Each structure stands twice: as C-alpha cells, then as structure tokens.
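I opened my notebook to record what I looked up in this structure. The entries follow in the order I made them.

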Amino acid sequence: MNFGKCVVGLVSCVWLMGACGPAMEGETLEDTGEETSLTPANKKPRSTEADPTADLEPGRVYQQTLVGDLGGIVASPAATYPTTCSASNQWRTTCGSGSSRDISYVWKVPETGSYTFSTSGSAFDTVMEIRNYKATSEVMGCNDDVGSSLQSRINLSGLVKGVTLLITIEGYEGECGAARLNITKR
C-alpha cells in the first residue's frame with residue numbers, strides 16, 4: 001500500500017518536472033506570449049521592425065548583449081571583442097549618447113579594494129558604464145572620454161569581494177569596432 005503511494009507520487013513528480021522543467025537541448029518551447037528572463041542568444045525578444053530594441057525591458061539583462069562572464073579576472077586585456085558593429089543596443093548609458101550598439105560583461109570582485117576599468121586599446125570612440133548586476137538601475141560609474149583620449153576609464157573604490165558588476169561598452173553616437181576591456185587593481 002505505501003509502495004503504491006510512492007510510485008504514484010514519483011510518477012506525478014516526473015510528469016510535473018517534464019511539463020514545467022527547462023527545455024532539453026534542441027527542444028523548442030511553446031509560445032505562451034510571455035518573455036523569459038534570459039533570451040537565447042539565437043532568438044531575440046519580440047520587437048518591432050522600426051526599433052529592434054523597443055520591447056527590451058530596462059534593467060533586464062538579455063543574453064544577446066551579454067557576451068561573457070569574466071569571473072574575477074584582473075588583466076590587461078581582461079577581454080576583447082572582435083566588433084560591436086553586429087551587437088544589439090540594449091543599454092542607454094548615463095554619460096554618452098546611448099544610441100550605439102553595446103556589449104556587456106559580468107565581473108565578480110575577486111578581492112575587496114579599488115579597481116580601474118578601461119577601454120584603452122579599443123578601435124573606436126567608446127562609452128563605458130558599470131552597474132550593479134543585481135540591481136541594474138544602480139549606476140556605479142560612467143565615462144565617455146578620459147582626458148584627450150576617445151577611450152573610457154572608470155575608477156571604483158571600496159568594491160567588496162563577491163559583488164557582481166555589469167560592465168557595458170558602447171560606441172559614441174553610433175561608432176563601433178573592436179573592443180578591449182582592461183581591469184586592474186589599484
């Protein structure tokens with residue numbers, strides 16, 4: 001009698017997991033009319049022909065702009081990207097035009113301290129913005145040009161180990177090209 005209840009419970013659980021669980025690789029999901037929290041890189045969110053970013057929700061990180069999780073790497077370069085010209089435009093930076101295609105990286109503070117983030121070595125006029133990844137409305141720093149350079153640099157002090165940042169790089173007023181992100185500890 002208890003064995004029968006266990007089998008029924010197990011079958012019900014398996015059925016529910018199959019019905020509500022994640023899609024297996026290669027499996028397509030039915031269109032329910034609802035957006036998912038992360039959109040697969042090969043499928044952009046529904047959008048209009050006139051503005052492909054019209055349906056993107058502010059503050060939501062979509063996978064087509066998120067090009068990498070850097071872990072806690074500290075290096076020059078920490079990352080390079082062949083060209084932002086084929087990226088989408090999700091973010092509107094607070095210190096630049098916000099009208100250019102952008103790429104974003106996730107970075108986790110490896111050790112409490114001060115860090116410098118720069119786009120030195122990029123092949124175009126960059127705008128860089130850093131946000132708190134868990135609260136993307138919180139802008140921690142933004143820079144268009146540093147000195148007479150067309151590159152960007154942001155210094156952040158007092159970063160706490162384990163905090164995750166969203167680093168966005170875009171071009172100034174439609175510019176695009178090969179991007180380089182440098183991260184150094186001060």
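Entry 1, strand 3. I began with how covered this strand is, and I found six of its seven residues buried, so I noted strand 3 as mostly covered, with buried meaning under 20% relative accessible area. I kept in mind that I was reading a predicted model.

Entry 2, partners of strand 3. I looked up its pairing with strand 1, residues 66-69, and found that the two run parallel and are joined by three bridges. For a residue-level example I took Gly-68, whose bridge partner in strand 3 is Tyr-105. I then turned to strand 8, residues 164-171, which pairs with strand 3 in the antiparallel sense over seven bridges. Here I noted Ser-104, whose bridge partner in strand 8 is Thr-168.

Entry 3, aromatic rings. I reminded myself that a pair of aromatic rings is described by the distance of the centres and the angle of the planes. How many aromatic pairs does a search of the whole structure find? The search finds two. One of them is formed by Trp-107 and Tyr-115, with 5.1 Å centre to centre and 70° between the planes. I wrote this pair down as edge-to-face, because planes over 60 degrees apart count as such. Next I checked whether these residues are covered. Trp-107 has 0% relative accessibility, so I count Trp-107 as buried. Tyr-115 also counts as buried, because its relative accessibility is 0%.

Entry 4, the other pair. Trp-107 and Phe-117 form an edge-to-face pair as well, at 5.3 Å centre to centre and with 85° between the planes. Which strands hold the two residues? Trp-107 lies in strand 3 (residues 102-108) and Phe-117 lies in strand 4 (residues 113-118), so this pair ties together parts that are ten residues apart in sequence. I noted that both Trp-107 and Phe-117 are buried. I entered Trp-107, Tyr-115 and Phe-117 as one aromatic cluster.

Entry 5, the sheet with strand 4. I looked up an open sheet of four strands and copied its order as 2-9-4-7, with antiparallel pairing. Which strands are at the edges? They are strand 2 (75-81) and strand 7 (153-159), and each pairs on one side only. On average, neighbouring strands of this sheet are turned by 20° against each other, direction ignored.

Entry 6, strand 2. I followed this edge strand to strand 9, residues 179-185, and found antiparallel pairing over four bridges. My last note is that Tyr-81 stands opposite Ala-179 in strand 9.

Definitions and conventions:
Residues numbered from 1 in each chain as written. Predicted model: local features only at pLDDT ≥ 70, side-chain atom pairs only at ≥ 80, totals over all residues. Heavy atoms only, no water. Phe/Tyr/Trp six-rings, centres within 6.5 Å; stacked < 30°, edge-to-face > 60°. Buried < 20%, exposed > 50% of the residue type's maximum accessible area, 1.4 Å probe, protein only. Pairing = 2+ DSSP bridges. Axes fitted to C-alpha atoms, helices over the stretch in contact; angles between N-to-C directions.
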